[in-house]
Amino acid sequence: MSVMSLTSAPRLIAPAARSQVEVRRVAAVTARLPGGTPAAPAASAKNQRHTVSCSLSIASSRTGTLVGLGVRSGVGDRRARRAAATTARAVPEDVIVLAPPSPIADVAAGLEGGIQAIYLGSLLVILGFAGFIIIRQVFIRRELDESAKQMGERIRSGEATAEEYFEMGSIMLRKKVFTQAVRNLKLAAQMWEGDQEDLAQIHNALGFGYLSTDKLDEAIAEFSKATELQPGYVTAWNNLGDALEQKKDPKGAMEAYEESLVLSPGNQVAENRLVDIKRRLTRLNQL
């Protein structure tokens with residue numbers, strides 16, 4: 001009887017003791033999982049493997065259910081943190097994702113590029129034309145300087161003719177050196193022995209030199225002389241009308257322009273100046 005009680009007692013007590021041991025082991029395993037508190041070091045690797053196996057074997061019990069939930073929760077937390085870290089590295093916070101351009105934006109960009117090309121082409125044309133004018137003026141100036149140098153040497157030698165004085169005076173007019181032009185043209189008129197019509201050109205050029213230096217009386221006299229020598233000289237009539245306008249003689253200027261139109265009916269210079277004079281005189285009630 002005593003034997004039976006001794007042998008049966010352990011069978012009644014062992015399950016309770018084993019449950020307490022397993023609960024402590026499960027608590028140790030739970031402490032080592034993510035989110036738990038640090039666990040005390042195990043005695044050996046064999047005891048650790050035994051503890052894990054025990055925790056898994058009682059998964060159907062109340063304690064095992066809590067452990068399973070803790071494991072699943074820890075694994076899910078780790079995956080969530082890894083996904084968040086990967087997303088943060090792939091897309092920085094300060095990056096703005098732009099929408100793809102629309103067809104209207106493409107058309108607008110194309111039109112803007114075309115307008116810029118037109119502006120650039122126009123600018124190149126203007127610069128090219130301006131460059132051509134400048135280069136042309138440089139060549140003309142160089143040619144005039146060379147001609148003036150040759151004529152100057154001829155005049156200084158004392159052997160210049162009336163034609164050479166006239167040519168020198170014309171060169172000085174083109175270079176706008178009017179004082180020297182007048183001096184050479186006066187010498188040409190004094191020395192002239194050719195046709196009267198050619199002499200009219202010298203007086204017309206001399207009148208232009210006087211007009212450019214605001215010597216109106218001398219200019220009017222020279223232009224009048226040119227029209228006397230060559231009555232059909234349209235340019236001299238136009239110049240005479242201009243000089244009379246500057247002299248404040250509008251009626252005399254009208255007569256000169258009308259004579260020019262008789263000789264050259266399509267003369268735009270005379271027509272425009274005559275219309276302007278008549279408009280001013282009409283406004284002042286002097287016509």
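Visitor: Hello! Is Glu245 buried, partly exposed or exposed?
Guide: Welcome! In this predicted model, Glu245 has a relative accessibility of 15%. The cut-off for a buried residue is under 20%, so at 15% Glu245 counts as buried.

Visitor: Which residue does the side chain of Glu245 meet in a salt bridge?
Guide: Side chains of opposite charge can pair when their charged atoms come close. Here the N to O distance is 3.1 Å, and the pair links distant parts of the chain, with Glu245 in helix α9 and its partner in helix α11, 35 residues apart. That partner, at 30% relative accessibility, counts as partly exposed. The residue that Glu245 meets is Arg280.

Visitor: Which other residue, within helix α11, forms a salt bridge with Arg280, and how far apart are the closest N and O atoms?
Guide: Look about one helical turn away from Arg280 in helix α11, where Asp276 sits four residues apart from it. Asp276 is partly exposed, with a relative accessible area of 23%. The salt bridge joins Asp276 and Arg280, and their closest N and O atoms are separated by 3.2 Å.

Visitor: Which residues are linked in the network of salt bridges?
Guide: Two of its members have been on our tour as partners of Arg280: Glu245 and Asp276. Two further arginines, Arg273 and Arg279, also belong to the network. Taken together, the linked residues are Glu245, Arg273, Asp276, Arg279 and Arg280.

Visitor: How many salt bridges does the structure hold, and which residue pairs with Lys247?
Guide: The structure holds six salt bridges. One of them starts at Lys247, in the loop between α9 and α10, and reaches helix α8 (residues 216-229), linking parts of the chain 30 residues apart. Lys247 is partly exposed at 39%, and its partner is likewise partly exposed, at 48%. With the closest N and O atoms 2.9 Å apart, that partner is Asp217.

Visitor: What span does helix α10 reach from its first C-alpha to its last?
Guide: Helix α10 covers residues 250-263, which is 14 residues. At 1.5 Å a residue the expected value is 20 Å, and the model comes close to that, with a span of 20 Å.

Visitor: Which helices do the buried residues of α10 pack against?
Guide: The buried residues of α10 include Gly252, Ala253, Met254 and Ala256. Tyr257, Ser260 and Leu261 are buried in α10 too. This set packs against two helices, α9 (234-246) and α11 (268-283).

Visitor: What accessible area do Leu120, Leu123, Leu124 and Leu127 have together?
Guide: One of these leucines, Leu120, lies in helix α4 (residues 103-156). The four form a nonpolar patch on the surface, and their accessible area together is about 400 Å².

Visitor: Stepping back, how many helices does the chain have?
Guide: Read along the sequence, every element in the pattern is an α: α-α-α-α-α-α-α-α-α-α-α. There are zero strands, and the number of helices is 11.

Visitor: What share of the accessible surface belongs to carbon and sulfur atoms?
Guide: Buried residues make up 25% of the 287 residues in the chain. The accessible surface of the chain comes to about 20,000 Å², and the share belonging to carbon and sulfur atoms is 59%.

Methods: Residues numbered from 1 in each chain as written. Predicted model: local features only at pLDDT ≥ 70, side-chain atom pairs only at ≥ 80, totals over all residues. Heavy atoms only, no water. Expected span 1.5 Å × (residues − 1). Buried < 20%, exposed > 50% of the residue type's maximum accessible area, 1.4 Å probe, protein only. Contact = heavy atoms within 4.5 Å. Patch = residues over 30% accessible without salt bridge, like charges linked within 9 Å, V, L, I, M, F, W, Y side chains within 5 Å. Areas by Shrake-Rupley, 256 points an atom, 1.4 Å probe, with all protein chains shown as cover.
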